[in-house]
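I open this notebook to record what I looked up in the model, one entry at a time. The topics are a metal site and the charged pairs.

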Amino acid sequence: MKTIKVKNSSEEIQIGKVVCVGRNYADHAKELGNEIPDKFPIVFMKTATSMINSGENVVHPDYSENLHHEVELVLLIGSTIKNATDEDAENAIVGYAVGLDMTLRDLQFKSKEKGEPWTFAKIFDTSGVLSPFVFKKDYILTGSERIHLSVNGEIKQDATVGLMLFNTVEIIKNISSRMTLEPGDLIFTGTPAGVSRVVKGDKLSGGIENIGNIQTTIA
Ligand code: ZN
């Protein structure tokens, strides 16, 4: 998938970079035994080619035995920014979606142990699931929105987006101090606690209040 959809619109937007924040909810950092980042978010990348739309299947790679779901708020960038101020950062956000950052936890742990990049844990085809985006001109995030994910009807992740350690403006300010952000870039903002293993046949559904819903089946 190279373009994203927008709710109630026929507009399709080309995806640029996909930048992701790790350990941005304290309870999730704790559940994986990780330290909480204090001064700068943990940042890694996914790829445009790994993205699929809500409703399409996540294809479980046969080289992993521990595929995890991570439900996240995703930001759409609408302008070119570098070294953004608070105001630049806020203005650069033009839309929101709910996303799944599907992760091969066994590959990630192995890479971390060896001090190697965990790229292959994050970029397999179908590893990013996206709902249609809502433009900020139609809805402004308050932070009190519920974010949740269920597997086969059982609730696994349930939090509010305001629990993020780095808020959306801080995330964009920090990232833009290290790389230029451009229109079409996506930012995955991290996942709350409750990540768990999924297997073939599992049905995932989730959402963010007032933003959208997401569903996929593991194939
Ligand atoms: Zn994530």
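Entry 1, the metal site. I looked up the sequence pattern of the donor residues of the zinc ion in this predicted model, and they are spaced E-x1-E-x28-D. The pattern brings distant parts of the chain together, since Glu70 sits in the loop between strand 6 (67-68) and strand 7 (71-77), while Asp101 belongs to strand 8 (residues 93-101), 31 residues apart. I then noted the atoms involved: the protein donors are Glu70 (OE), Glu72 (OE) and Asp101 (OD), and they lie 1.9 to 2.1 Å from the zinc ion.

Entry 2, accessibility of two donors. Are Glu70 and Asp101 buried or exposed? With a relative accessible area of 5%, Glu70 is buried, because the cut-off for that class is under 20%. Asp101 is at 0% relative accessibility, so Asp101 counts as buried by that cut-off too.

Entry 3, a salt bridge at a donor residue. I counted salt bridges next, and the structure holds 11 of them. In one of these, the side chains of Arg105 and Glu70 meet at 2.8 Å, N to O. Arg105 lies in helix 3 (residues 105-114) and Glu70 in the loop between strand 6 and strand 7, so this pair ties together parts that are 35 residues apart in sequence. I also checked burial for the pair, and both Arg105 and Glu70 are buried.

Entry 4, helix 2 and a loop. Which residue meets Glu90 in a salt bridge? The partner is Lys136, with a distance of 2.9 Å, N to O, between the side chains. Glu90 is in helix 2 (residues 86-92) and Lys136 is in the loop between strand 11 (134-135) and strand 12 (146-151), so that the pair links parts of the chain 46 residues apart. For accessibility, I recorded Glu90 as partly exposed at 31%, whereas Lys136 counts as buried at 15%.

Entry 5, two strands. Asp158 forms a salt bridge with Arg146, and their closest N and O atoms are 2.8 Å apart. I placed Asp158 in strand 13 (residues 154-160) and Arg146 in strand 12, with their positions 12 residues apart in the count along the chain. Both members count as partly exposed, Asp158 at 46% relative accessibility and Arg146 at 34%.

Entry 6, the shared network. Finally I looked up which residues are joined by salt bridges that share partners, and found Lys46, Glu70, Asp101, Arg105 and Lys122 in one network. Two of these names return from the first entry, as Glu70 and Asp101 are also protein donors of the zinc ion.

Terms used. Residues are numbered from 1 along each chain as its sequence is written. This is a predicted model: local features need pLDDT of at least 70, side-chain atom pairs count only at pLDDT 80 or more; totals for chains, interfaces and linings use all residues. Side-chain values use heavy atoms; hydrogens and water are left out. Donors are N, O and S atoms within 2.8 Å of the metal (3.2 Å for Na, K and Ca); water is not among the atoms, so sites may look incomplete. Buried means under 20% relative accessible area, exposed over 50%, partly exposed in between (1.4 Å probe, protein chains only).
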